[in-house]
Amino acid sequence: MSTRRAPAAWCDAGLTLLRDEGISAITVERLCQALKCTKGSFYHHFRDLEAFLDALIVRWEDTLTTRP
């Protein structure tokens, strides 16, 4: 497995999963598979999946609504 990813990379992977497979595809395991990282890397940045989903909403809002 590779090294830790920045929170933005986790969110981008989450947005891809959401787009391609829906909300049920967003799990810690699926995110780790997508980024080839460990769960420890995920939990380095996010307290839990709920905290990740909060960050995902902020990333979505910033990159897909505010910035354009």
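This briefing walks through the helices, aromatic rings and loops of the structure above. Keep in mind that the model is predicted. A good place to begin is helix H1, which spans residues 7–21 and gives the most to the largest nonpolar core, with 5 residues. Another good starting point is Phe42, a buried residue with a relative accessible area of 0%.

**How the helices pack**

- Let's start with H1 and H4: their axes come within 9 Å and cross at roughly 85 degrees. That makes H1 roughly perpendicular to H4.
- On the H1 side of this meeting you'll find Ala8, Trp10, Cys11, Asp12, Gly14 and Leu15, and on the H4 side Phe52, Ala55, Leu56, Arg59, Trp60 and Thr63.
- Sort the residues of the H1 and H4 contact by type and you get 8 nonpolar, 2 polar and 2 charged.
- H1 also packs against H2, this time at an angle of about 110 degrees with the axes 10 Å apart. H1 and H2 are therefore roughly perpendicular to each other, since angles of 65 to 115 degrees get that label.
- For this contact, H1 supplies Ala9, Trp10, Ala13, Gly14, Leu17 and Glu21, while H2 supplies Arg30, Leu31, Cys32, Ala34 and Leu35.
- The H1 and H2 contact divides into 8 nonpolar residues, 1 polar and 2 charged.
- Look out for Trp10: this residue of H1 takes part in the contact with H4 and in the contact with H2.

**The nonpolar core**

- The largest nonpolar core has 16 residues. Those touching the most other members are Trp10, Ile26, Leu31, Phe42, Phe46, Phe52 and Leu56.
- Which elements give two or more residues to this core? They are H1, helix H2 (28–35) and H4.

**The aromatic rings**

- A search of the whole structure turns up 5 aromatic pairs. One of them joins Phe42 and Tyr43, whose ring centres are 5.0 Å apart with 90 degrees between the planes, an edge-to-face arrangement.
- Are Phe42 and Tyr43 buried or exposed? Phe42 is buried, at 0% relative accessible area, whereas Tyr43 is partly exposed, at 42%.
- Phe42 also pairs with Phe52: the ring centres are 5.7 Å apart and the planes sit at 55 degrees, so this pair is tilted.
- The Phe42 and Phe52 pair links distant parts of the chain, with Phe42 in helix H3 (residues 39–45) and Phe52 in helix H4 (residues 49–66), 10 residues apart. Both Phe42 and Phe52 are buried.
- Zoom out a little and Trp10, Phe42, Tyr43, Phe46 and Phe52 make up one aromatic cluster.
- Phe46 has plenty to show you too. Setting aside neighbours within four places in sequence, Phe46 is in contact with Pro7, Trp10, Cys11, Ala51, Phe52 and Ala55.

**Residues in the loops**

- Ile23 sits in the loop between H1 and H2. Ile23 counts as exposed because its relative accessible area is 55%, and the cut-off for exposed is over 50%.
- Ile23 and Leu53 are 30 residues apart in sequence, yet their C-alpha atoms are 10 Å apart in space.
- The loop between H2 and H3 holds Lys36. Lys36 is exposed, with a relative accessible area of 57%.
- What is phi of Lys36? The angle is near 55 degrees, a positive value in a residue other than glycine. Most residues other than glycine have a negative phi.
- Thr38 lies in the loop between H2 and H3. With a relative accessible area of 38%, Thr38 is partly exposed.
- Thr38 and Ile26 are 12 residues apart in sequence, and their C-alpha atoms are 15 Å apart in space.

**A closer look at Trp60**

- You'll find Trp60 in helix H4. At 41% relative accessibility, Trp60 is partly exposed.
- Which residues does Trp60 touch, not counting those up to four places away in sequence? The answer is Leu15 and Thr65.
- Trp60 and Val28 are 32 residues apart along the chain, and 18 Å separates their C-alpha atoms.

Conventions. Residues numbered from 1 in each chain as written. Predicted model: local features only at pLDDT ≥ 70, side-chain atom pairs only at ≥ 80, totals over all residues. Heavy atoms only, no water. Phe/Tyr/Trp six-rings, centres within 6.5 Å; stacked < 30°, edge-to-face > 60°. Buried < 20%, exposed > 50% of the residue type's maximum accessible area, 1.4 Å probe, protein only. Helix = DSSP H or I, 4+ residues; strand = E, 2+ residues; numbered from the N terminus. Axes fitted to C-alpha atoms, helices over the stretch in contact; angles between N-to-C directions. Parallel < 35°, antiparallel > 145°, perpendicular 65-115°, else oblique. Contact = heavy atoms within 4.5 Å. Nonpolar A, V, L, I, M, F, W, Y, C, P; charged D, E, K, R; others polar. Core = buried A, V, L, I, M, F, W, Y, C linked by side-chain atoms within 4.5 Å.
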